[in-house]
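Me: I'd like to go through this model label by label. For each term I'll ask what earns it. Can you set the value against the cut-off each time?

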Amino acid sequence: MSRPRHPVPVAGGEYRVVVEKDYLKFSAAHFIAYKGFREPLHGHNYQVSVAISGAVGPDGYVLDFGIVKQITKAVCAELDERVLVPADSDCLDVAREGASVTLTYEDGARFVLPAVDTVLLPIVHASAEELAAYVLDRLRAGLKAHAVRGLTHIEVGVSEAPGQAAYCRAPF
Ligand code: ZN
């Protein structure tokens, strides 16, 4: 009796590759601020995970894990040991003057930081959700620069503490 022939990879199947590595992490300071509320400055040991969906190519895989690890690691390195500044905040004035960055909250509270200790991010709040969206955006741009094809979605998780993560999923 012959084995039934199945087309492999399964026709029309969608595959998902997940990268969760201990070294995809960064330690950073932040505070959540929105109109009427500001957290005190504090820090987290953030952990990043990535899931990528797409079709399996003729080479047998969705994409090279190595590219995902390389791009994500580089983004983590940029955020590591920095104050994460939400440059598009609606309640925080962010001013870069010479070698300093001054953050002024709506009640007049002021932080003056060395610019090299900060990273100004195109986000409204320095929440795990918006950090996940930022990492996703950078990862997508990096994968496109590597001419990666056939992907459908990217999902990035950012955890602030073990068992406490926010995920952002978007089309590739
Ligand atoms: Zn926090």
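Reply: Sure, and keep in mind that the model is predicted. One definition to begin with: helices and strands here are DSSP runs, H or I over at least four residues for a helix and E over at least two for a strand, numbered from the N terminus. By that numbering, Val116 sits in the loop between strand E8 (110–114) and strand E9 (118–121).

Me: What makes Val116 count as exposed?

Reply: Exposed takes a relative accessible area over 50%. Val116 comes out at 61%, so the label fits. As for where that loop residue lies, the C-alpha atoms of Val116 and Gly163 are 31 Å apart in space, with their positions 47 residues apart in sequence.

Me: How many helices and strands does the chain have, and in what order do the elements run?

Reply: The protein chain has two helices and eleven strands. Read from the N terminus, the order is β-β-β-β-α-β-β-β-β-β-α-β-β.

Me: Which atoms are the protein donors of the zinc ion, and what makes them donors?

Reply: They are the NE2 atoms of His30, His42 and His44. An N, O or S atom has to be within 2.8 Å of a metal such as this one. These three lie 2.0 Å from the zinc ion, so they pass. Water is not among the atoms, so the site may look incomplete. Along the sequence, the donor spacing is H-x11-H-x1-H.

Me: Why is His44 called buried?

Reply: Buried means under 20% relative accessible area. His44 has 18%, so it gets the label. His42, another of the donors, has 27% and is therefore partly exposed.

Me: How do you know whether the chain is a compact globule by radius of gyration?

Reply: Compare it with the rule. A compact globule of 172 residues would come in near 16 Å, but this chain has 20 Å. The C-alpha box, taken along the principal axes, is roughly 80 × 30 × 25 Å.

Me: How much of the chain is buried, and what belongs to carbon and sulfur on the accessible surface?

Reply: Of the 172 residues, 42% count as buried. The accessible surface is about 9,700 Å², with 52% of that belonging to carbon and sulfur atoms. On the contact side, take pairs at least 6 apart in sequence: 62% of those contacts join residues at least 24 apart.

Me: How far apart are the mean positions of the positive and negative charges?

Reply: They are 10 Å apart, for 17 positive and 21 negative charges.

Me: What does Glu78 touch, and what counts as a contact?

Reply: Contact means heavy atoms within 4.5 Å. Leaving out residues up to four places away in sequence, Glu78 touches Val119, Tyr134 and Arg138. Glu78 belongs to helix H1 (residues 65–79). Its relative accessible area of 37% falls between the two cut-offs, so partly exposed is the word. Its C-alpha is 9.8 Å from that of Thr118, 40 residues away along the chain.

Me: And what does Arg138 touch?

Reply: Arg138 touches Ile71, Val75 and Glu78, again not counting residues up to four places away. Arg138 is found in helix H2, and with 28% relative accessible area it is partly exposed. Arg138 and Ile71 are 67 residues apart in sequence, yet their C-alpha atoms are 8.1 Å apart in space.

Me: Why does Glu130 count as partly exposed?

Reply: Partly exposed covers values between the buried limit of 20% and the exposed limit of 50%. Glu130 has 21%, so it lands in that range. Glu130 is in helix H2, where its contacts beyond four places in sequence are Ile123, Val124 and His125.

Me: What is the sign of phi in Glu81?

Reply: Positive, at about 55°, although Glu81 is not a glycine. Glu81 is in the loop between H1 and strand E5 (82–86), and at 63% it is over the cut-off, so it is exposed. Ala147 also has a positive phi near 55° without being a glycine. Ala147 lies in the loop between helix H2 (128–145) and strand E10 (151–161); at 43% relative accessible area, Ala147 is partly exposed.

How values were computed
Residues are numbered from 1 along each chain as its sequence is written. This is a predicted model: local features need pLDDT of at least 70, side-chain atom pairs count only at pLDDT 80 or more; totals for chains, interfaces and linings use all residues. Side-chain values use heavy atoms; hydrogens and water are left out. Donors are N, O and S atoms within 2.8 Å of the metal (3.2 Å for Na, K and Ca); water is not among the atoms, so sites may look incomplete. Buried means under 20% relative accessible area, exposed over 50%, partly exposed in between (1.4 Å probe, protein chains only). The radius of gyration is taken over C-alpha atoms; the globule rule is 2.2 Å times the number of residues to the power 0.38. Accessible areas come from the Shrake-Rupley method with a 1.4 Å probe; for residues, only the protein chains shown count as cover. Lys and Arg count as positive and Asp and Glu as negative; His and the chain ends are not counted. The place of a charge is taken as NZ of Lys, CZ of Arg, CG of Asp or CD of Glu.
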